[in-house]
Amino acid sequence: MATDRVLVCPQCGPFPTTGKLFDVLLARAREEPLRCAKCSGLATLRLKFPFGLNAADSECTVRDCFVPRTLEVWKEKDGSNVTFSYGPKIKTKLEPSF
């Protein structure tokens, strides 16, 4: 199940994001402003996680996002290097669904 995402402009309302989720989160982590396609105003990123199994979907607003400055690197027994590349970390505000 894919994570639904939408940008929300305070003046124009919601509109679909362009590009992949990873790219949108990476832009947010780099502090690139997310802009409305209509008025160029600042927009917020909203995510919805469809959990399935009759669990309620969780919807949240991304408040901040970052990527680590250094990557984890280690050597395998055969001498080869392994680099663990993190995805963006997301700080969100969950919206209660009552």
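## A tour from P10 inward

Select P10 first: its relative accessibility is 73%, so this proline counts as exposed, since the threshold for that class is over 50%. The model on the screen is a predicted one. P10 sits in the loop that links β1 to β2 (13-16). Now add C36 to the selection. P10 and C36 are 26 residues apart along the chain, and their C-alpha atoms are separated by 9.2 Å.

**The overall view**

Switch to a cartoon of the protein, which contains one helix and seven strands. Traced from the N terminus, the order of the elements is β-β-α-β-β-β-β-β. Of the 98 residues, 22% are buried. If a surface is displayed, its accessible area comes to about 7400 Å², and carbon and sulfur atoms account for 53% of that area. Among contacts between residues at least 6 apart in sequence, 50% join residues that are at least 24 apart.

**Strand β1 and its two partners**

Select β1 (4-9) next. Which strands pair with β1? One of them is β2, which runs antiparallel to β1 and is joined to it by four bridges. The two strands form a hairpin with three residues between them. At this hairpin, C9 stands opposite G13 of β2. The other strand to show is β3, also antiparallel to β1, with five bridges joining the pair. Within this pairing, select R5 together with L47, its bridge partner in β3.

**T17, beyond β2**

Move along to T17, in the loop between β2 and α1. Is T17 buried or exposed? With a relative accessible area of 15%, T17 is buried, because the limit for a buried residue is under 20%. Display the side chains of T17 and R5 to see the polar contact of 3.1 Å that joins them. To see the rest of the surroundings, show R5, V6, L7, V24 and L45; T17 is in contact with each of these, leaving aside its neighbours within four places in sequence.

**Helix α1 and what follows it**

Select α1 (21-29). Its buried residues are V24, L25, L26, A27 and A29. Just after the helix, stop at E31, where phi is positive, at about 65 degrees.

**The nonpolar core**

In soluble globular proteins, nonpolar side chains tend to be buried together. Here the largest nonpolar core has 14 residues. Which of them have the most contacts inside it? Select L7, F15, L34, L45 and L47 to display these residues. At least two core residues come from each of β1, α1, β3 (44-49) and β4 (58-66).

Centre the view on L34 and show its contacts. Apart from residues up to four places away in sequence, L34 touches L7, V24, R28, G41, L42, A43 and L45. L7, V24 and L45 also appear among the contacts of T17.

**R46 and E59**

Return to β3 and select R46, which lies in this strand. At 16% relative accessibility, R46 counts as buried. Add E59 and show both side chains: R46 and E59 meet in a salt bridge, with a distance of 2.7 Å from N to O. Because R46 belongs to strand β3 and E59 to strand β4, the pair ties together parts that are 13 residues apart in sequence. E59, at 32% relative accessibility, is partly exposed. How many salt bridges does a search of the whole structure find? The search finds one.

**The hairpin of β5 and β6**

End the tour at residues 72-75, which form strand β5, and residues 81-84, which form strand β6. These strands run antiparallel, and four bridges join them. Select W74 and then V82, its bridge partner in β6. Between the strands of this hairpin are five residues. Finish at G79 in this hairpin, where phi takes a positive value near 95 degrees.

Methods
Residues are numbered from 1 along each chain as its sequence is written. This is a predicted model: local features need pLDDT of at least 70, side-chain atom pairs count only at pLDDT 80 or more; totals for chains, interfaces and linings use all residues. Side-chain values use heavy atoms; hydrogens and water are left out. A nonpolar core is a set of buried Ala, Val, Leu, Ile, Met, Phe, Trp, Tyr and Cys residues joined through side-chain atoms within 4.5 Å. Buried means under 20% relative accessible area, exposed over 50%, partly exposed in between (1.4 Å probe, protein chains only). Contact means heavy atoms within 4.5 Å. Accessible areas come from the Shrake-Rupley method with a 1.4 Å probe; for residues, only the protein chains shown count as cover. Two strands pair if DSSP finds at least two bridges between them. A salt bridge is a side-chain nitrogen of Lys or Arg within 4 Å of a carboxyl oxygen of Asp or Glu. A polar contact is a pair of N or O atoms within 3.5 Å; within protein, one must be able to donate a hydrogen and the other to accept it, and residues adjacent in sequence count only if both atoms are side-chain atoms.
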